[in-house]
Amino acid sequence: MSFYFLFFKHNKAKSDLFLGLLLLSLSIRIGKSVFYNFNPQLSKTYLQIGLSACFLIGPLLYFYVRSILQTLNHSFAKYTIASLIIAISIFGFLLPYKENPVIWRGVIYYFINIQWFVFIVLSIYEARHIFRKLVTNRGQINYHETWILSVICGVFAIWLSYTLAKYTSYISGSLAFSFSFYISFLLIYYVKNKTLISASNKEKYINKIDEKLVREIQEQINVLFETRKIYTNPDLTLSILAKELNIRPQLLSQFINDNLNKSFTQFINEYRIDEAKRLLKDSNQFKIEAVGFESGFNSSSTFYSSFKKITGTTPSNYQKG
């Protein structure tokens, strides 16, 4: 899978590079555990390589999450990873495991676990809006967000297994990796198929909405959005909007999908971006991140990615222009 994301995947995104390297680092670390479990006399060089890979797992997870959320400076991340690999190599050459097993099993091992955990926490913080959505509105989680949740939870499960290895078994990290790997891909397969089904359902409305009713719904939305700007509510859902319009959620969904040819999220985000553009041009009292929240986005990362997707530029460039 690592080689697939690094070398063979078509239409490869920058986030795929970090995911491929993350899977490679995990595989080296866990592969060492498997070999050592069945052969305790394994050369110390392999033990050193396995532990060295752990230095990269945390940063790669963090960079992957930020990359897929489009909040990462990719040049900085690449130089950071390259610098880490060089530093780890030099350190391993000066203090090899074979001659310094006590240091590697003690200070270095605990430092690795702490560093790994810190980056897991940072990754969860970056994806906090997705975890919030998992609790409050699970049905709105998309394909890419499922990837993020799966990778973070999987890496955390592996970290926890190794941290508790002295109380369970050394092979637990490998078992956690296998379990996380298969559960992740089952989830991703499910969400991807659900997305495809939803997309195909857009084309399967048998009874089209009467043109007069279409105009009435659009007029109701225009009045509601102009007078109350309900789209600035970050917790707005299709059901809430349908209740405000006093129509059935199914009818509103059909109107958005069939008549406007948009998803609900795309439909609402376009209004939010229009509001953000107005705030960016007309007011200097808000910072760019605050403009996103004022417009109805529940995280700055979602705001930046949605703004660039809809307008083709970043909020700061738009404000300057």
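**Figure 1. Ser 295 and the residues around it.** Setting aside its neighbours within four places in sequence, Ser 295 is in contact with Tyr 231, Thr 232, Arg 272, Glu 275, Ala 276 and Leu 279. As you explore this view, keep in mind that the model is a predicted one. Ser 295 belongs to helix H13, which covers residues 288-295. Is Ser 295 buried or exposed? Its relative accessible area is 0%, so Ser 295 is buried. One of its contacts, Glu 275, comes back in the next view.

**Figure 2. A salt bridge within helix H12.** Here Arg 278 and Glu 275 form a salt bridge, and their closest N and O atoms are 2.8 Å apart. Which helix holds the two residues? Both lie in helix H12 (residues 264-282), three residues apart, and that spacing is about one turn of the helix. The two partners can be compared by their accessibility: Glu 275 is buried, with a relative accessible area of 8%, while Arg 278 is partly exposed at 36%. Look for Lys 229 as well, since a network of salt bridges links Lys 229, Glu 275 and Arg 278.

**Figure 3. A salt bridge between helices H6 and H7.** The side chains of Glu 145 and Lys 133 meet in this view, with an N to O distance of 3.1 Å. Glu 145 sits in helix H7 (residues 143-163) and Lys 133 in helix H6 (residues 128-136), so this salt bridge ties together parts that are twelve residues apart in sequence. How accessible is Glu 145? Its relative accessibility is 10%, so Glu 145 counts as buried. Lys 133 is buried too, because anything under 20% falls in that class and its relative accessible area is 19%.

**Figure 4. Lys 208 and Asp 258, a link between a loop and a helix.** Lys 208 forms a salt bridge with Asp 258, and the closest N and O atoms are 3.0 Å apart. Where along the chain do the two residues lie? Lys 208 is in the loop between helix H8 (172-201) and helix H9 (211-228), and Asp 258 is in helix H11 (residues 249-259), so the pair ties together parts that are 50 residues apart in sequence. Lys 208 is exposed, with a relative accessible area of 57%. The total for the structure is six salt bridges.

**Figure 5. Val 155 in the largest nonpolar core.** The largest nonpolar core has 47 residues, and the ones that touch the most other members are Leu 22, Leu 26, Trp 116 and Val 155. Which elements give two or more residues to this core? They are helix H2 (14-38), helix H3 (44-68), helix H4 (74-94), helix H5 (101-126), H7 and H8. Helix H3 gives the most, with 13 residues. Leaving aside neighbours within four places in sequence, Val 155 is in contact with Leu 22, Leu 26, Ile 57, Leu 61, Trp 116 and Ile 120. Another core, of 21 residues, lies apart from this one, and Phe 225, Ile 230, Leu 241 and Phe 267 are among its members. For background, nonpolar side chains in soluble globular proteins tend to be buried together.

**Figure 6. A nonpolar patch on the surface.** Now to the surface, where Met 1, Phe 3, Tyr 4, Phe 7 and Phe 8 make a nonpolar patch of about 590 Å². Met 1 is placed in the segment before helix H1 (2-8). With a relative accessibility of 43%, Met 1 counts as partly exposed.

**Figure 7. Ala 157 and its contacts.** Helix H7 is also where Ala 157 is found. Its relative accessible area of 25% makes Ala 157 partly exposed. Which residues does Ala 157 contact, leaving aside its neighbours within four places in sequence? They are Ala 176 and Ser 180. Ala 157 and Ser 172 are 15 residues apart along the chain, and their C-alpha atoms are separated by 9.9 Å.

**Figure 8. Two cysteines, and the chain as a whole.** Cys 54 is buried, at 1% relative accessibility, whereas Cys 153 is partly exposed, at 42%. How many disulfides does a search of the whole structure find? The search finds zero. Stepping back, the protein chain has 15 helices and zero strands. Of its 321 residues, 41% count as buried. The chain exposes about 18300 Å², and carbon and sulfur atoms supply 60% of that area.

Terms used: Residues numbered from 1 in each chain as written. Predicted model: local features only at pLDDT ≥ 70, side-chain atom pairs only at ≥ 80, totals over all residues. Heavy atoms only, no water. Salt bridge = Lys/Arg side-chain N within 4 Å of Asp/Glu carboxyl O. Helix = DSSP H or I, 4+ residues; strand = E, 2+ residues; numbered from the N terminus. Buried < 20%, exposed > 50% of the residue type's maximum accessible area, 1.4 Å probe, protein only. Patch = residues over 30% accessible without salt bridge, like charges linked within 9 Å, V, L, I, M, F, W, Y side chains within 5 Å. Areas by Shrake-Rupley, 256 points an atom, 1.4 Å probe, with all protein chains shown as cover. Core = buried A, V, L, I, M, F, W, Y, C linked by side-chain atoms within 4.5 Å. Contact = heavy atoms within 4.5 Å. Disulfide = S-S within 2.5 Å.
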